[in-house]
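Dear colleague,

I am passing on the structure we spoke about, and I would be glad if you looked it over before reading my notes. The sequence and the coordinates come just below.

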Amino acid sequence: MLFQIFDAFKPRLHDSNSKVNQVALEALHKMIPLLRDNLSPVINMLIPAIVDNNLNSKNPGIYAAATNVIQALCQHLDTSLLLQPFCTKAQFLSGKAKQDLTEKLA
C-alpha cells in the first residue's frame with residue numbers, strides 16, 4: 001500500500017509546475033514525523049526524488065522545502081536507513097546540493 005501511495009506521490013516532487021513541486025515537498029515534510037521508520041521501504045525511491053533538482057533549485061521556496069524535508073528525515077528516521085541513499089546521491093551531485101548532502105553525511 002505504501003508503495004502505491006508514494007509511486008503516485010513521487011512525480012509531484014518532480015513536477016514542472018514549481019508551486020505543485022513546493023507543495024509536495026511541504027506535504028512530505030509534514031508526513032515524515034507521522035510515518036517515521038515506516039518510510040524505510042520507500043526511502044530509496046524518495047531520496048532521489050527529493051534531492052534531484054530540488055536541492056539545486058534556484059527557486060528559494062523549493063530549495064527551502066527540500067532542505068526541510070532532508071532535515072526532517074534526519075530527525076525522525078533511523079540514520080542508518082539514510083546513510084546508503086545519501087552516499088549514493090552525494091557521489092553524483094554538484095553545487096549546493098552536493099555540499100548540503102555531504103554536510104548531512106558528516
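The notes that follow go from the core to one helix pair and then to three single residues.

Please keep in mind throughout that this is a predicted model.

I began with the largest nonpolar core, which has 32 residues, and within that core L13, L28, I50 and L73 are the ones that touch the most other members. At least two residues of this core come from each of α1 (2–9), α2 (18–35), α3 (43–51), α4, α5 and α6 (95–105), and the largest share, eight residues, is supplied by α4. As general background, nonpolar side chains in soluble globular proteins tend to be buried together. If you would like one residue to start from, L28 is in contact with F6, F9, L13, L46, I50 and V69, leaving aside residues up to four places away in sequence.

The helix pair I looked at is α4, residues 60–76, and α5, residues 79–92, whose axes lie 8 Å apart and meet at an angle of about 135°. Because an angle between 115 and 145 degrees falls in the oblique class, α4 counts as oblique to α5. On the α4 side the contact is made by I70, L73 and C74, and on the α5 side by T79, L82 and F86; of these residues five are nonpolar, one is polar and none is charged.

C74, which belongs to helix α4, is partly exposed, with a relative accessible area of 22%. Its contacts, again without residues up to four places away in sequence, are T79, L82, F86 and K104. By contrast with those contacts, A27 is 47 residues from C74 along the chain, and the C-alpha atoms of the two are separated by 17 Å.

Two asparagines in loops are also worth a look. Is N54 buried or exposed? N54, in the loop between α3 and α4, is buried, with a relative accessible area of 1%, and its side chain reaches the backbone oxygen of I50 at 3.1 Å. Not counting residues up to four places away in sequence, N54 touches L13, N21, L25, A49, I62, Y63 and A66. N38, in the loop between α2 and α3, is exposed instead, with a relative accessible area of 55%. From C-alpha to C-alpha, N38 and L2 are 8.9 Å apart in space, although 36 residues separate them in sequence.

With best wishes

Methods
Residues numbered from 1 in each chain as written. Predicted model: local features only at pLDDT ≥ 70, side-chain atom pairs only at ≥ 80, totals over all residues. Heavy atoms only, no water. Axes fitted to C-alpha atoms, helices over the stretch in contact; angles between N-to-C directions. Helix = DSSP H or I, 4+ residues; strand = E, 2+ residues; numbered from the N terminus. Parallel < 35°, antiparallel > 145°, perpendicular 65-115°, else oblique. Contact = heavy atoms within 4.5 Å. Nonpolar A, V, L, I, M, F, W, Y, C, P; charged D, E, K, R; others polar. Core = buried A, V, L, I, M, F, W, Y, C linked by side-chain atoms within 4.5 Å. Buried < 20%, exposed > 50% of the residue type's maximum accessible area, 1.4 Å probe, protein only. Polar contact = N/O pair within 3.5 Å; in protein donor to acceptor, adjacent residues only side chain to side chain.
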